Amino acid sequence: MRAAIYTRRGPAGEVLQVVEKPAPHPSDGEVRIKLAFSGVNPSDVKSRSGIAARAGGFPEVTPHSDGAGVIDAVGEGIDPARIGERVWVYNGQWERPYGTAAEFITLPAAQAVPLSNHVPLEVGASIGIPLMTAMHAVQACGSLVGKTVLVPGAAGSVGFYVTQLACMAGARVIAIVSNEDKAALARQIGASETINYRTENVIERVQALTHQQGAEAIIDLDAASHAPLYGQLLRFQGRAVVYGSNQPQFSMAFGPAILGFVSVYCFIVYKLPSAEMRQVLDSVSSVLARPDLKHPSTSIHTLDEIVAAHEQVERGANAKVLIRLASDIN
């Protein structure tokens with residue numbers, strides 16, 4: 001099979017290469033998936049670059065955790081009836097060296113989730129990190145009926161889903177974006193108001209839009225930028241749900257935080273405890289059946305273009321970046 005690998009971490013153009021490797025065979029309790037698409041996420045490029053530490057310790061890495069395709073072989077203990085099943089996969093390259101940037105992957109059977117025939121495989125390859133993260137983030141807020149939620153990065157892959165899921169849960173969403181095109185997109189998917197952080201004072205606008213009370217919650221992709229503002233953005237007993245940070249440390253102003261009884265909940269979707277993981281997987285399956293759920297636009301590369309795909313994500317892609325691995329699967 002063809003696979004992308006790197007043997008050291010660094011710039012995409014210097015370390016990524018496409019090679020021929022033997023196709024893996026499923027072990028007991030595993031399935032093998034012939035992949036149609038591999039999803040490229042910011043965490044994948046950070047790991048390859050060396051910014052994140054999670055890919056360390058392996059002499060060779062095939063990157064990417066998300067993908068979609070068809071089960072073509074099963075290991076001992078797995079029902080052979082699963083062969084031919086369309087699936088999406090998650091945690092492909094979590095705490096293991098071989099991810100989805102290859103024509104085949106073997107994984108524990110539970111990590112190959114059935115994908116309905118009405119859901120395109122491109123969408124399946126976009127679910128793992130973006131939709132699962134969004135789902136748990138919204139669930140971690142508790143009841144959102146009638147509440148206001150701030151969503152920085154509402155036009156990004158995770159924020160795109162957060163905006164919709166929060167609206168479905170009964171929230172009023174204020175999207176924080178960087179330009180008018182992203183603001184228009186956020187409004188199309190349900191945001192009631194938008195704030196352009198490049199041209200507007202975010203604190204002043206949030207206060208004005210919430211009658212000087214602040215929002216009940218913020219679902220945050222960059223705690224390093226926003227945590228210093230939580231005490232001013234959130235109302236009394238407000239909650240910050242954090243799934244990312246562009247710096248390894250973040251700080252908060254203690255006075256506003258303690259006086260406001262602000263709570264901060266950080267999580268990484270790869271390590272969700274089993275009960276929360278089951279809840280997320282069940283909820284994702286349910287929401288995928290909704291005809292009103294919209295999905296981010298895609299930018300599709302071939303495996304030979306994986307360097308360009310990683311560089312697009314690093315620049316801040318305005319689309320979900322995918323690698324096409326097979327064109328004979330639908």
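1. Contact here means heavy atoms within 4.5 Å. The model is predicted. With that cut-off, Tyr-197 touches Ile-176, Val-177, Ser-178 and Val-202, leaving aside residues up to four places away in sequence. Tyr-197 sits in the loop between β10 and α7. Its relative accessibility is 42%, so Tyr-197 counts as partly exposed.

2. Helix α7 spans residues 202-209. Which residues of α7 are buried? They are Val-202, Ile-203, Val-206, Gln-207 and Leu-209. Val-202 is also one of the residues that Tyr-197 touches. The cover over the buried residues of α7 includes the strands β8 (148-152), β9 (172-177), β10 (193-196) and β11 (215-220). Helix α9 (230-233) is also included.

3. Both ends of α7 deserve a look. At the N-terminal end, Asn-201 acts as the cap. A side-chain oxygen of Asn-201 lies 3.1 Å from the backbone nitrogen of Ile-203. Ile-203 itself is among the buried residues of α7. After the helix comes His-211, with a positive phi near 55 degrees.

4. Next, helix packing. Two packed helices are described by the angle between their axes and the distance between the axes. For α4 (residues 127-139) and α5 (residues 157-168), the angle is about 40 degrees and the axes are 8 Å apart. That makes α4 oblique to α5. The crossing of α4 and α5 is right-handed.

5. Which residues make the contact of α4 with α5? From α4 come Pro-130, Leu-131, Thr-133, Ala-134, Met-135 and Val-138. They meet Ser-157, Val-158, Tyr-161, Val-162, Leu-165 and Ala-166 of α5. By class, this contact has 10 nonpolar and 2 polar residues, with no charged ones.

6. A second helix pair is α2 (residues 42-49) with α12 (residues 306-315). Their axes come within 9 Å and cross at roughly 110 degrees. Angles of 65 to 115 degrees count as roughly perpendicular, so α2 is roughly perpendicular to α12.

7. In the contact of α2 with α12, Pro-42, Asp-44, Val-45, Arg-48 and Ser-49 belong to α2. Their partners in α12 are His-310, Val-313 and Glu-314. The classes here are 3 nonpolar, 2 polar and 3 charged residues.

8. His-301 belongs to strand β14 (residues 298-302). Is His-301 buried or exposed? Its relative accessibility is 12%, so His-301 counts as buried. Its side chain makes a polar contact of 2.8 Å with the side chain of Gln-312. Gln-312 also appears among the residues that His-301 touches, with Ala-308, Ala-309, Val-321, Leu-322, Ile-323 and Arg-324. Residues up to four places away in sequence are not counted there.

9. How far apart in space are Tyr-197 and His-301? C-alpha to C-alpha, they are 31 Å apart. In sequence, 104 residues separate Tyr-197 from His-301. Tyr-197 is partly exposed, whereas His-301 is buried.

10. Last, Ala-109. It lies in the loop between β6 (104-108) and β7 (112-114). Its relative accessible area is 12%, and Ala-109 is therefore buried. Ala-109 touches Gly-29, Glu-30, Val-31, Ile-78 and Arg-82, again without residues up to four places away in sequence. One of these, Ile-78, is 31 residues from Ala-109 in sequence. The C-alpha atoms of Ala-109 and Ile-78 are 7.5 Å apart.

Methods
Residues numbered from 1 in each chain as written. Predicted model: local features only at pLDDT ≥ 70, side-chain atom pairs only at ≥ 80, totals over all residues. Heavy atoms only, no water. Axes fitted to C-alpha atoms, helices over the stretch in contact; angles between N-to-C directions. Helix = DSSP H or I, 4+ residues; strand = E, 2+ residues; numbered from the N terminus. Parallel < 35°, antiparallel > 145°, perpendicular 65-115°, else oblique. Left-handed = near helix turned anticlockwise from the far one by under 90°. Nonpolar A, V, L, I, M, F, W, Y, C, P; charged D, E, K, R; others polar. Buried < 20%, exposed > 50% of the residue type's maximum accessible area, 1.4 Å probe, protein only. Polar contact = N/O pair within 3.5 Å; in protein donor to acceptor, adjacent residues only side chain to side chain.
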